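Colleague: I would like to know what the terms in this model rest on. Shall we go through them one at a time?

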Amino acid sequence: MQKFKMYIDGEFVEAASGKYFDSYYPFTGKVWSQVAEGGPEDVDRAVKAAHRAFTSGDWAELTASQRGMLVHRLGDLIARDAKKLAEMEVQDNGKLIAEMQGQVNYVPQWYYYFGGLADKIEGSVIPLDKKGYFNFTRHEPIGVVAAITAWNSPLLLLAWKLAPALAAGCTVVIKPSEFTSASTLEFVKLVEEAGFPKGVVNVVTGFGKDVGAPLTSHPLVRKVAFTGSDATGRAINEVAAKTFKRVTLELGGKSPNIVFDDANLEDAVNGAVSGIFAATGQTCIAGSRLLLQESIHDEFMDRLLALAKTAKMGNPMSMETQVGPVTTRPQYDKILSYIDIAKTEGANLALGGGPATRPECGDGWFVEPTVFTGVTNDMRIAQEEVFGPVLSVIKFKDEDEASRIANDIRFGLGSGVWTSDIGRAIRMSEKIQAGTVWVNTYRAVSYMSPFGGYKDSGIGRESGIEAIYQYLQTKSVWINTGAKTGNPFVLK
Ligand code: NDP
């Protein structure tokens with residue numbers, strides 16, 4: 001049984017309590033490792049170490065170029081160890097090795113991009129309206145950042161926070177999900193190998209209430225970068241407000257995937273299936289509301305069901321598997337309860353509808369790919385995030401109705417539009433209230449493209465150039481080059 005310690009101030013340490021908690025392999029439902037169970041005392045030590053590293057010592061002395069090179073080197077080390085890290089993620093979250101390998105192989109790009117950006121953050125000289133002054137701006141790192149991640153894509157979600165935070169010159173305390181801490185603790189060995197000074201990156205593992213809560217309320221933390229549910233995001237936002245911390249909140253979604261009758265149906269069917277069954281639906285951008293134009297509804301459903309029925313379930317470590325287990329037991333129970341809710345609400349069950357009992361699923365937490373038709377947008381199955389392989393199909397008549405249904409929800413993370421009419425694609429991209437609109441594709445992300453939510457799906461953006469400014473604050477410097485000091489009792 002592997003045991004993982006936390007990482008504080010450049011050392012792997014036990015929790016102050018000396019306790020460990022179990023981590024499960026979702027494919028077997030059995031314990032595969034143990035992780036140090038941190039608490040407020042560990043958080044305080046980690047935050048103070050990060051604060052020391054931020055305010056004095058080697059990190060604070062580095063030039064932006066030197067910082068960028070370290071971040072870049074970290075990317076190289078992740079690329080070197082990607083296979084091992086991906087396998088560890090599968091042990092923890094049960095997602096497919098094909099998906100996790102693809103993700104972890106891509107993670108270095110965030111470190112390369114933001115490492116390269118570190119020394120390109122320039123202030124401005126302001127062409128002031130007042131004579132006798134020289135005014136310029138600088139962008140300075142905000143301080144200690146708390147990076148809190150969800151269980152579905154631990155190292156990818158971490159890269160979205162850590163790469164810009166380090167490039168900006170911040171120091172970081174990471175709190176991974178209690179369900180998937182191992183890969184982050186393995187990853188942090190690479191931070192050490194890359195040569196980051198002690199205290200710059202720390203990892204405190206444990207539960208939300210014992211580690212996450214004290215981290216977000218700690219007075220020395222200046223920013224919280226969070227990925228997780230909207231309920232936790234709201235709680236964090238409230239706590240962070242008390243000490244005026246900045247927040248980036250990447251929260252949940254109930255994304256509309258909209259298919260018009262002029263779409264290439266084969267592509268759209270693939271897009272609909274990928275939108276909901278890839279990653280077993282455990283992705284914030286899942287296209288969990290499929291909006292179909294009435295005229296193609298029946299043909300589209302025939303094709304979609306035919307494809308979905310071929311999905312191979314089973315061992316997530318096999319490259320052949322297409323739908324793996326659900327990551328956590330509570331999540332498994334939650335998905336099944338939503339299936340019951342949909343049935344009670346009167347939606348028509350067209351596929352699946354319960355636990356998967358196929359022999360290749362063993363004792364794992366598997367749910368059959370499930371499709372409900374005849375869903376109306378006011379049903380709970382259309383309004384609430386299930387975070388599992390459950391698709392709600394809703395009919396619409398025309399563009400106006402499609403955008404009305406798409407926006408009639410409190411979330412606004414992803415969205416898809418399938419059409420061969422470029423005018424319609426642009427009109428829909430203007431109308432949809434979501435941080436991302438994919439046209440004739442779905443579930444594409446890049447380190448260069450801003451990602452984040454409208455409405456209850458979050459605050460702020462990750463990836464792309466603007467992400468680094470979420471870890472910087474602007475200082476305006478005024479220099480008197482010859483102005484008279486004048487009347488001391490009025491504004492200059
Ligand atoms: P949770 O909100 O349950 O947990 C997220 C993280 O917050 C975990 O590390 C959790 O710790 C921690 N946490 C829990 N309570 C607190 C607290 N009071 N203060 C601080 N931290 C706390 O989300 P899940 O892990 O269940 O992830 C699934 C959710 O994440 C879905 O809603 C999904 O849509 C969203 N998500 C959003 C993405 C985006 O980019 N927009 C991407 C991926 C997922 P612990 O695990 O110990 O409870």
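Modeller: By class, 17 nonpolar, 13 polar and eight charged residues line the largest pocket. The model is predicted, so local features need pLDDT of at least 70 and side-chain atom pairs count only at pLDDT 80 or more, while totals for chains, interfaces and linings use all residues. Residues are numbered from 1 along each chain as its sequence is written, and side-chain values use heavy atoms, without hydrogens and water.

Colleague: Which residues lie nearest the centre of the largest pocket, and what makes a residue nonpolar, charged or polar?

Modeller: Of the 38 lining residues, Trp151, Phe226, Gly228, Ser229 and Thr232 lie nearest the centre. Trp151 and Phe226 are nonpolar because Ala, Val, Leu, Ile, Met, Phe, Trp, Tyr, Cys and Pro count so; Asp, Glu, Lys and Arg are charged, and the others, Gly among them, are polar.

Colleague: What makes this space a pocket, and what makes a residue part of its lining?

Modeller: On a 1 Å grid over the protein atoms alone, a pocket is an open set of points with protein on both sides within 12 Å along at least five of seven lines, and a lining residue has an atom within 4 Å of a point. The volume of the largest pocket is about 780 Å³. Its lining takes at least two residues from each of α9 (208-217), β11 (221-227), α10 (230-242) and α13 (329-345), and α10 gives the most, six.

Colleague: What does the second largest pocket have in its lining?

Modeller: It has 19 residues there, with Arg67, His139, Glu140, Pro141 and Ala168 nearest the centre. By class they are eleven nonpolar, four polar and four charged. The largest share, four residues, comes from β7. The space is about 380 Å³.

Colleague: How do you know which of the pockets the ligand takes up?

Modeller: A molecule sits in a pocket if more than half of its atoms lie within 2 Å of the grid points. By that rule, the ligand takes the space of the largest pocket. Around the ligand are 29 residues, of which Glu178, Ser229, Thr232, Leu251 and Glu385 come nearest. The shell holds 14 nonpolar, eleven polar and four charged residues, and α9 gives the largest share, three.

Colleague: Why is the pair between Glu385 and the ligand called a polar contact?

Modeller: A polar side-chain atom of Glu385 lies 2.6 Å from an oxygen atom of the ligand. That is a polar contact because the term covers a pair of N or O atoms within 3.5 Å. Leu251 also qualifies, with a backbone N or O atom 2.7 Å from a nitrogen atom of the ligand. So does Ser177, where an N or O atom of the side chain is 3.3 Å from a ligand oxygen atom.

Notes:
On a 1 Å grid over the protein atoms alone, a cavity is a set of points where a 1.4 Å probe fits but cannot get out, and a pocket is an open set with protein on both sides within 12 Å along at least five of seven lines; lining residues have an atom within 4 Å of a point. Grid points are joined across faces, edges and corners, and a volume is the space filled by probe spheres set on the points. A residue is near a molecule or strand if one of its heavy atoms lies within 4 Å of it. A polar contact is a pair of N or O atoms within 3.5 Å; within protein, one must be able to donate a hydrogen and the other to accept it, and residues adjacent in sequence count only if both atoms are side-chain atoms.
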